[in-house]
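User: I'd like a close look at one part of this model, the second largest pocket, and then whatever sits around it. Could you walk me through it in one go?

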Amino acid sequence: MPKQIPLDPKLRAGFDQTPNEQRSKAELDAWWDHPYAISLPDGRIMVRCLNGGAWDRSTHLGVADNYEDACVLAEQEQAKWVGYRGRPVFYHGELKSALVVMPQRPDSGMRTLLEVESAEQAAEYMRENYPEPIAEPAAAPKSE
């Protein structure tokens, strides 16, 4: 059985109109990567999560017909986001090129996995170490 998620949590005013970098540590600790559910007027359940899918609001993960299905949806869709976000990317800066893992939270930094000489070397490393392509999760809609 999937983990139960909060249903209709009390979120502060402006929660979904705040750039992630402006959120407090306490808010990030409470809500980052923790899906929650919102009851819709038609009885369905919308699932959202503050996870970086949008820069200024929670990410829309989907809509389910009932709470149990919403919990399953939250587990599945959030796992996709975590997998996508944790995958290395090629970074070409002024002083170096590298494969990096981007920040997992707005209050953390980018982590260098491997410095490389070229994009081709980065691509070779990715083919050898990450053979399965990962699809980008769907982007959050502008409003829901």
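Analyst: Sure. The second largest pocket holds about 170 Å³ of space, and keep in mind throughout that this is a predicted model. Its lining is made up of Lys 3, Gln 4, Ile 5, Pro 6, Asp 33, His 34, Pro 35, Cys 71, Ala 74, Glu 75, Gln 78 and Ala 79. Sorted by class, that gives 6 nonpolar, 3 polar and 3 charged residues.

Now for the pieces of chain behind that list. Helix α2 spans residues 67-85, and the lining includes Cys 71, Ala 74, Glu 75, Gln 78 and Ala 79, which fall within that range. Another lining residue, Asp 33, belongs to the loop between α1 and β1.

Asp 33 deserves a second glance for its backbone. Its phi is positive, about 65 degrees, even though the residue is not a glycine. As for exposure, the relative accessible area of Asp 33 is 24%, so it counts as partly exposed. There's another aspartate with this quirk: Asp 8, also not a glycine, has a positive phi of about 50 degrees. Asp 8 sits in the segment before α1, the helix covering 25-31. With a relative accessibility of 36%, Asp 8 is partly exposed too.

Following the loop from Asp 33 onward takes you to β1, which is part of an open sheet. That sheet has 3 strands in the order β1-β2-β3, with antiparallel pairing. β1 (36-39) and β3 (59-64) are the edge strands, each pairing on one side only. From one strand to the next, the twist averages 30 degrees. Helix α2, the one that supplies pocket residues such as Cys 71 and Ala 74, packs on this sheet and touches β2 and β3. The direction of α2 makes about 145 degrees with that of β3. On the β1 side, 4 bridges join β1 to β2 (residues 45-49), and the two run antiparallel. If you want a register marker, Ala 37 stands opposite Val 47 in β2.

Further along the chain there's another open sheet to set beside this one. It has 3 strands ordered β4-β5-β6, again with antiparallel pairing. Here the edges are β4 (89-92) and β6 (111-116), each with pairing on one side only. Neighbouring strands are turned by 35 degrees against each other on average, ignoring direction. This sheet has a helix packed on it as well: α3 (residues 119-129) touches β4, β5 and β6, and its direction makes about 120 degrees with that of β6. Between β4 and β5 (residues 97-101) there are 4 bridges in the antiparallel sense. The register marker here is Val 89, which stands opposite Val 100 in β5.

Finally, for context on your pocket, here's the largest one. Its volume is about 200 Å³, against about 170 Å³ for the second largest. The largest pocket is lined by 13 residues, and Glu 21, Trp 32, Gly 52, Pro 103 and Pro 106 lie nearest its centre. By class, that lining comes to 6 nonpolar, 4 polar and 3 charged residues. So if you're putting the two side by side, the class counts to set against those are the 6 nonpolar, 3 polar and 3 charged residues of the second largest pocket.

Terms used. Residues are numbered from 1 along each chain as its sequence is written. This is a predicted model: local features need pLDDT of at least 70, side-chain atom pairs count only at pLDDT 80 or more; totals for chains, interfaces and linings use all residues. Side-chain values use heavy atoms; hydrogens and water are left out. Two strands pair if DSSP finds at least two bridges between them. Axes are lines fitted to C-alpha atoms, for helices over the stretch in contact, and angles run from 0 to 180 degrees between N-to-C directions. Contact means heavy atoms within 4.5 Å. On a 1 Å grid over the protein atoms alone, a cavity is a set of points where a 1.4 Å probe fits but cannot get out, and a pocket is an open set with protein on both sides within 12 Å along at least five of seven lines; lining residues have an atom within 4 Å of a point. Grid points are joined across faces, edges and corners, and a volume is the space filled by probe spheres set on the points. Ala, Val, Leu, Ile, Met, Phe, Trp, Tyr, Cys and Pro count as nonpolar, Asp, Glu, Lys and Arg as charged, and the others, Gly among them, as polar. Buried means under 20% relative accessible area, exposed over 50%, partly exposed in between (1.4 Å probe, protein chains only).
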